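Colleague: Got a minute to go through this one with me? I'd like to start with the backbone oddities and then move on to the overall fold.

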Amino acid sequence: MPAIMLRRPLAGIVALSALMPFAAIADDAVTADAVVHHYADLAHANYADALNAAEVLNERIDELLANPTAETLNAAKQAWLQSRIPYQQSEVFRFGNAVVDDWEGQLNAWPLDEGMIDYVEGDDYQHELGNEGATANIIANERITVGGETLDVSDITPEQLADLNEIGGSEANVASGYHAIEFLLWGQDLHGFEAGNGERPVSDFQTGDDCTHGHCDRRRTYLDAVSDLLVDDLEWMVAQWAPETEGNYRQELLAESDQEGLRRMLFGMGSLSLGELAGERMKVALEANSYEDEHDCFSDNTHNSHYYNGQGIQNIYTGTYQRLDGSVVEGPSLEDLLAQENGELADTLSEQMEATMARLDAIKQAAEAESSPMAFDMMIAPGNEQGSELINEAILTLVAQTGSLEKAAGELGVTSLQPDDAGHQF
Amino acid sequence: MIASLRRLGLLACALLAAPLSLGMETTTPRDMWFGAVEQQYAELSAASERLEASAARFCQAPDEAHKQRLEDDWLSAYQAWQAVRFIQFGPVEQNSRGWQLQFWPDRKNLVGRKVSGWLKAPDAPDVQAIANDSVAIQGFPALEYLLYDDAMDEQVLSDPAVCDLMQSITTHLADTTSALHRDWQAFGEHYRNTPRYTETTLASAIQALELLEEKRLGDPMGLQGTSANGYLAEAWRSGHSVRLVESTLEGLRTGFLPGLSALLREADAVALAEAFRDQLNDALAQASELQPGLVPSLEDEEAFRGLQSLYLNISQLRHLLGNEIAAELGLVRGFNSSDGD
């Protein structure tokens, strides 16, 4: 495989050798093998940041539970917002790598029927049709009945919450992960298309007579357990990408052919660009005017979730990841590799990704504006022309970059952009 | 009224446009696909106009006969859409027209929320208000809610406000399908002259079969890793889920198979064309034997076995097209809008 990859770059090297000393060229030539190795390094750094940020979130939640005040609740919310920055960038690793896709449901499943976790206001709560777990309310009940089966949930532990995901066979039954924590910190967003997000009072976490909405002890236990589980899950994923670790996913990936490594990279980038971000997370919400389809609906942080998804895609292309501490991880990139095959396409894709980031930034700026901010759930309101234009522009740039990713795959000799279909073939 | 006049004007333009390539000496697979799909869009547009007229008649004289006619016309227009639903590129992509006709899957009952929202509004929306609103209010599922949802026991369909809402939706639907038909005609030259549309058409049909297998049957039947849930079926309110599947298969037979057979003949792979035709006929025969709804079969073992047979037939059909035929023709599939979760 590497031999095939080198055949065409050689022509470029011959042409360039007239202009440069030979040694410099040999050093500069990027191999597919090096690009895939660096991809694993990027994943490792990105998940390590996600873990660090989740550990901070877990500490802030412990402080909130030790001393529930408006300040400690706010500090926990800020830590949650911060934790989304690395995690959303890491979603580019999801679709290409089954190890991530099979695991991520416990961390980032969405949309969720939050009535399974805690109290909700009935009138404005629309759960998945036919989901018996949608109003189970684990916090208020030591036993819940879903799908004709009664479960003992008197002990709320990280293991218990992991087991409760998708009970009754519905993907909307999400007991754990970022969005479960988001719901516990913010509460239901009852503002529809209007300004404002969830308004959970801190007294929901107070003890004794100060407790509001009942069952504060169980709510506190739940929040503690669910944030512990997030840290455990991220530790596992960091280990999967760690260098020189016997039998982890990184070794498995690097043992595959270079073509397979590139396929997983490109499949993850294209699937997140088109089907997931442009489609599920933006177009459905916009065309259906549906705030039920808003990604971070409790906190109204959707603009950042989308922005950092886009950033994650660009990271893989440029081989660059800026860590939370400001340091930068750099190395042989897909862009370098593509430029050796087709410089024009490499430049086009680079410009398209810049354009995508500019459009996603416009959404972020509108949502975070000092005066009259327009959050994502306001942008998707019927008749909001400015909002729909902001979103449509981002969709169009994502569609454009996906087209070039397909071409890039062709240039790099990746002939199939289909996902692993284990278990889905007849 | 304004909307109807607009359609007449467009029809006149369409008649002036160049007709099908009848004069051409050779008929390519893309010519065949273009012509067959043109007829399917024409039928969708005509059926939508019949539905619009039927809604108007019912609202003027809301009796049982007119109600029955309205339900029949709703179903036949919905089926006409299913027949051509395998075309997921070209004019149907503009303004999310596919979703305008059928917003689905609708796990969170957005259709119900949008319709009940308008039913509570002081004034019924006009066509323009429907055009500006959510795709969930614009299509066949919204009309199905008005015709069949349990909540409509408390609302009378013939109530002027309800009738106005229904007529705005049927007029908008007729406008959309008319524009879709006209735009397909205008798209014809580009489609026929652009070789890569051969791959696009094949990929679109494969995707339609995947949707049929995984989402339209597999999800509600509980065959995709989660449990059975009848609300995930299309047309669960009216109990016509299987009839809609049948219409898609029939649409593939009339709209897709002839062009595919020609393409495979060119590639010297007639056996694959025959295998696809036979498998499609088997699936159609199986679908026609089943009861119209999907939900009742979830509770009845024997009926469920019949549904499983249909699912297997469609799986084999998808495998044949997506694997064997695609490999024979060297089809390289790129990303599609259903990647992701």
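Modeller: Sure. One definition before the loops: helices here are DSSP runs of H or I with at least four residues, strands are runs of E with at least two, and both are numbered from the N terminus. Also, keep in mind that this is a predicted model.

Colleague: OK. Which peptide bond in chain B is cis, the one leading to Pro105(B) from what residue?

Modeller: From Trp104(B); the bond to Pro105(B) has omega near 0°. Pro105(B) sits in a chain B loop, with α4 (97–101) on one side and α5 (110–120) on the other.

Colleague: And in chain A, what does Trp110(A) join through a cis peptide bond?

Modeller: Pro111(A), with omega about -10°.

Colleague: Where is Pro111(A)?

Modeller: In a loop of chain A, between α6 (105–108) and β1 (143–146).

Colleague: Switching to phi. What's up with Glu166(A)?

Modeller: Its phi is positive, near 60°, and Glu166(A) isn't a glycine. You'll find Glu166(A) in the loop that links α7 (158–164) to α8 (178–186) in chain A.

Colleague: Is Glu166(A) buried, partly exposed or exposed, and why?

Modeller: Partly exposed, because 19 other C-beta atoms lie within 10 Å of Glu166(A), and being buried takes 20 or more.

Colleague: What about Asp300(A), what is its phi?

Modeller: Near 60°, so a positive value in a non-glycine residue there too. Asp300(A) belongs to the chain A loop between α11 (258–287) and α12 (302–318).

Colleague: Buried or exposed, that Asp300(A)?

Modeller: Buried: Asp300(A) has 23 C-beta neighbours inside 10 Å.

Colleague: Let's do the fold. How many helices and strands in chain B?

Modeller: 13 helices and zero strands. Reading from the N terminus, the order of elements in chain B is just α after α.

Colleague: What is the radius of gyration of chain B, and what would a compact globule have?

Modeller: Chain B has 20 Å, which agrees with the value near 20 Å for a compact globule, given its 341 residues. The C-alpha trace of chain B spans about 65 × 55 × 35 Å along its principal axes.

Colleague: What share of chain B is buried?

Modeller: Buried residues account for 46% of its 341 residues.

Colleague: Last one: in chain B, what part of the contacts with a separation of 6 or more comes from residues 24 or more positions apart?

Modeller: That's 79% of those contacts in chain B.

Key
Residues numbered from 1 in each chain as written. Chains lettered and ligands numbered in written order. Predicted model: local features only at pLDDT ≥ 70, side-chain atom pairs only at ≥ 80, totals over all residues. Buried ≥ 20, exposed ≤ 12 C-beta atoms within 10 Å, placed from the backbone. Rg over C-alpha atoms; globule rule 2.2 N^0.38 Å. Contact = placed C-beta atoms within 7 Å.
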